[in-house]
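Hi there,

Here is the structure I promised to pass on. My notes follow right below it.

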Amino acid sequence: MLYAPIDTLTVGEESEDLPWIGPELRDDMRPQATVYDDLVTGLGASNPKGHVACVMMAAEAISLAGVPLTGDLVAAFGAGGMPTNARPAGTRRNTGQGVGCSFLLEQGVWTDYALIAKPGWTVSRDEVGVVWFEVTVGGTHTYVGSRHRLPYDNAIARAGEVARHLEEWFVAYADRHTGGTVAPQGIVSSVRGGWPRMAAVTPAACTLRVDLRISPDTTPMQAKREFTAALEAIQDKMPGLDVTAEMILGIPGTRTGPDSWIFRSAAAGWEAFEGREHEVIRGNSGATDANILRGRGIPSVRVGMPKVSAAEAPFEIDFARGMNTVSVRAMEKLTRHLIRTAVDTATRSRAELHELEGEPE
């Protein structure tokens, strides 16, 4: 299976996305293409649209060439791959977290192996999982005119202190769990509390949303216990702090073994293009639908294009520009790699693949 998630960090109405995405919607944040020589910018031009195009062209090239395949080559595209829940006004709740990939599998789109096209010019066989927590910090609902007369405990101020301590804790957490090619990170991503229309009062609670990445060796429940212990340590530093946490998402990290055929074939292809031994990229904290596929028992690896560098582009490359800028030359290289790996795999017999993996037929 050649697989590519087909959604991205969606930018919609300016009233919803500004100022959180930045002071303005740049050209690369809009669904329109701008060409700079070999580069194309626009919303999701690299991740995922450029990678999707490579998968489509690889499958089309193999079909047009009439390669005699011994099995099925499936080009699969699953929406809903982003780590996101539905928009507040949306009616569909299952819009992210790999829901499209899960649906494909549930509808019978199964293969023996999967090669996922996602950013990073290396063949990656392991990646982090994703755990989300909603942290609730308690306080006192009161009125500004009575602050000096009644008990005062501002949940928003408390939540700010909790966020600061967590941001410090994430650094040590990443150090403890770094191994292989992963370095799982964590962030406090949002804060919610109070009534913007009524600035005269404080809320009785303020909530923080936390994304904590986990290594393939850490289960969601282990992460929950470790995170709970971190909050207890913060409580010891902040007398009277009322804080609780609920785990609201848990997707384990996964890995494919180094002897799996799909890794060996994809790595050999990378070496053929580069003329040197395969080089892994370490310190990764990004998750993809590979976790969904591996979790269901399909050996999967990912390979993709490198992020366009500042030296290549006539503009500064930040997170968003990296997602929204693609090199056509890099697309051609990735497409050739996908073709090579697919043909190398789908022209062999099951007996041969089992023998190459050192397993009985």
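Is Asp 37 buried or exposed? This is a predicted model, where local features need pLDDT of at least 70, side-chain atom pairs count only at pLDDT 80 or more, and totals for chains, interfaces and linings use all residues. Residues are numbered from 1 along each chain as its sequence is written, and side-chain values use heavy atoms, leaving out hydrogens and water.

Asp 37 counts as exposed, at 79% relative accessibility (exposed is over 50% relative accessible area, buried under 20%, partly exposed in between, with a 1.4 Å probe and protein chains only). Its phi is positive, near 55°, in a residue other than glycine. Gln 97 also has a positive phi, near 65°, but Gln 97 counts as buried, at 16% relative accessibility.

Two cis peptide bonds are worth a look. One runs from Leu 18 to Pro 19, with omega near 10°; the other joins Asn 47 and Pro 48, with omega about 15°.

Then there is the second largest pocket (an open set of points on a 1 Å grid over the protein atoms alone, where a 1.4 Å probe fits, with protein on both sides within 12 Å along at least five of seven lines; lining residues have an atom within 4 Å of a point). The lining of this pocket has 21 residues, and Asp 72, Asp 112, Tyr 113, Thr 345 and Ala 346 lie nearest its centre. About 360 Å³ of space lies inside, a volume being the space filled by probe spheres set on the points, which are joined across faces, edges and corners.

Best wishes
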